Amino acid sequence: MRDVAIVGIGQTPVGELWDKSLRHLGHDAIVAAMQDAGIETADALYVGNMLSGELGGQEHLATLLADFVGLRGIEAAKIEAACASGAAAMRVGIMAVASGMADVVIVAGVEKMTDTLPHETTAGLALAADQEYEVAEGATFLALNAMLMRRYMYEYRVPHSAFAPFPVNAHKNAQGNPNAMFPMAISVERYINAPVVAPPINVMDSSPICDGAAAVVLVPADRAKEYGQGKRIVRVAASVSATDTLAVHDRRDPLFLEAAYLSSHRAYTLAGLTPKDIDFFELHDAFSIMSVLSLEACGFAPRGQGTALGESGAIALDGELPITTMGGLKARGHPVGATGIYQIVEVVQQLRGEAGTNQLKHAHVGMAQNIGGSGATIITHILVGED
Amino acid sequence: MSPHSFTHAEYLAHLQNHVLAASRCQNCGELYLPPRPLCRRCFAQDMRWEELSGRGELVAFTVVHIVPSAMLEAGYDQDRPYVSGLVRLEEGPTISALITGVDAHHPETIRVGSQVRVVFPRGDQDPGPAPLVFEVVSES
């Protein structure tokens, strides 16, 4: 297998982008990534997307985008793994380059969620859950996360306010990200008093419904210097996907994200690293509870101590393990199938020293983790900035 | 091979007959609700239906105000929310269900650990959008 490098990145602002359809969002991100890499063509385009068919009536999306960005003729395919679609597409792109079946691959994540009514988008997101045994009983994606948070608070006797550091940190960091949907600081008081959407989850626990697209360009690492116009080369040190039961009720311990444990620990082994070696972590804070469960499963906090890690200040830009450095899903936004690629783009920004006012002092090894559903598909990438 | 395929349709048919049924592996004894035809512990395919007591404990819950299309059609909405929960049956398995016998407008009165029992559709009554309903019978 060949080592794979990321030599181009592109992204659109995240928000309610009613004036741009899926193809235009994809176009903007892909063209930006191609320009960043200095390429005019590619061997393949893989697109992470969850809901284009359900909400937009459009499938065959990758082929549509390939033509729209002037690449008609190349291989193109959409990859779907619910909210982990972006990272799933990333992994397919990595496999294509690593195996030698392609040399230059574009991976994009695209999602449009705001052109539909709330109950339609809610039903769409619920497609990530078990239709026959969860959704048919009235559970929604939000409801399943709310039940996990309720159970966590019950088992570990943690008050709701203990989760405040996560959205507070995300919103603070979003202020330095020109593409973030909600670049405004929030106070702990605002978090505590935010309207409840599904108890105990409130508005400030929840990532927003939004639109957006991001893209990266992958090439073999030994040829990376030919691309990227002199920018720091970012190598993929590990790419691991793992699965769990689709339904929360089928898990022996719903508060342990087994797929996060499996994918992160396999990734550490592949990269020859331990959690202590990770300089920063773009985690999947779709809801505050997911940040906590992810940190615990990945070995950054003992079971039941995830909120304490947040309260310790370790997750801030100047902390020991900065997370959601550009705003995360909570404040940059969570255009579901695009999120996994936004995370990769942001890790590359940090590793290249292009994160502006949010630039970390020490950014050599970055980790990104994209979660599908309530923990059923979890994909971890570790990226390293080459010297 | 089992004479049944342990499909969702068979499971719903049991509920219609006022039976909450799980599948039990005849090889290793593992019990599955939702039912499965293949044991994920020992990989045997020799399952039998087994009736559960319908008694259990509320493991987690929330109130659903932002309702999906199917529940909207059933009459629930922002102002008429429902309670969704996880129930651990006394036989062991945990399942998602609609929770009744509680006040959806006052979630602070609902307790994790409360005892629940299954409520079957009555007579010819439409079972409603959620086939599996548990009623809270006593607080923890």
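B:P34 sits in the loop between β2 (31-32) and β3 (47-51) of chain B, and the peptide bond that leads into this proline from B:L33 is cis, with omega near 0°. That is a handy place to start a tour of this model, which is predicted. From there, the briefing moves through the backbone, the build of chain B, its interface with chain A, the largest pocket and the salt bridges.

**Backbone details to check**

- Most residues other than glycine have a negative phi, and most peptide bonds are trans.
- Besides the bond from B:L33 to B:P34, a cis peptide bond joins A:P199 and A:P200, with omega at about 5°.
- A:P200 belongs to the loop between β5 and β6 (201-202) of chain A.
- A:R157 is a residue other than glycine with a positive phi, near 50°.
- You will find A:R157 in the loop between α6 and α7 (165-174) of chain A.

**How chain B is built**

- Chain B holds two helices and eight strands.
- Along the sequence, these elements of chain B come in the pattern α-β-β-β-β-α-β-β-β-β.
- A box of roughly 50 × 30 × 25 Å, taken along the principal axes, is filled by the C-alpha atoms of chain B.

**Where chain B meets chain A**

- The size of an interface is often given as the accessible area lost when the parts come together.
- Here the area buried between chain B and chain A is about 2800 Å², and carbon and sulfur atoms give 59% of that.
- Three residues, B:H8, B:I66 and B:S96, supply 19% of the area that chain B buries against chain A, more than any other three residues.
- In terms of contacts, 38 residues of chain B touch 27 residues of chain A.
- Seven residue pairs are in polar contact between chain B and chain A, counting pairs with both residues at pLDDT 80 or more.
- On the side of chain B that touches chain A, the elements giving two or more residues are α1 (8-16), β4 (55-64), α2 (69-73), β5 (82-89) and β6 (94-100) of chain B.
- Of these, β4(B) provides the largest share, six residues.
- By residue type, the side of chain B that touches chain A divides into 25 nonpolar, nine polar and four charged residues.

**The largest pocket**

- The largest pocket encloses about 880 Å³ of space.
- It is lined by 36 residues, and those closest to its centre are A:P118, A:T122, A:L142, A:I209 and B:I66.
- B:I66 therefore turns up twice in this briefing: it is among the three residues named for the area that chain B buries against chain A, and it is among the residues closest to the centre of the largest pocket.- From chain A, α5 (118-125), α6 (141-156) and β5 (196-198) each supply at least two residues of the lining of the largest pocket.
- The largest share of that lining, five residues, comes from α5(A).
- The lining of the largest pocket divides into 21 nonpolar, 12 polar and three charged residues.

**Salt bridges**

- Side chains of opposite charge can pair when their charged atoms come close.
- Over all chains, the count comes to 24 salt bridges.
- Two salt bridges are found across the interface of chain B and chain A.
- A:R252 and B:E30 meet through their side chains in a salt bridge, at 3.7 Å from N to O.
- Within chain A, A:E59 forms a salt bridge with A:K78, and their closest N and O atoms are 3.0 Å apart.
- This pair links distant parts of the chain, 19 residues apart: A:E59 is in the loop between α2 (52-56) and α3 (61-68) of chain A, while A:K78 is in strand β3 (residues 75-79) of chain A.

Technical notes:
Residues numbered from 1 in each chain as written. Chains lettered and ligands numbered in written order. Predicted model: local features only at pLDDT ≥ 70, side-chain atom pairs only at ≥ 80, totals over all residues. Heavy atoms only, no water. Contact = heavy atoms within 4.5 Å. Buried area = accessible area lost by both parts, 1.4 Å probe. Salt bridge = Lys/Arg side-chain N within 4 Å of Asp/Glu carboxyl O. Polar contact = N/O pair within 3.5 Å; in protein donor to acceptor, adjacent residues only side chain to side chain. Helix = DSSP H or I, 4+ residues; strand = E, 2+ residues; numbered from the N terminus. Nonpolar A, V, L, I, M, F, W, Y, C, P; charged D, E, K, R; others polar. 1 Å grid on protein atoms, 1.4 Å probe; cavity = no way out; pocket = protein on both sides within 12 Å on 5 of 7 lines; lining within 4 Å. Points joined across faces, edges and corners; volume = space filled by probe spheres on them.
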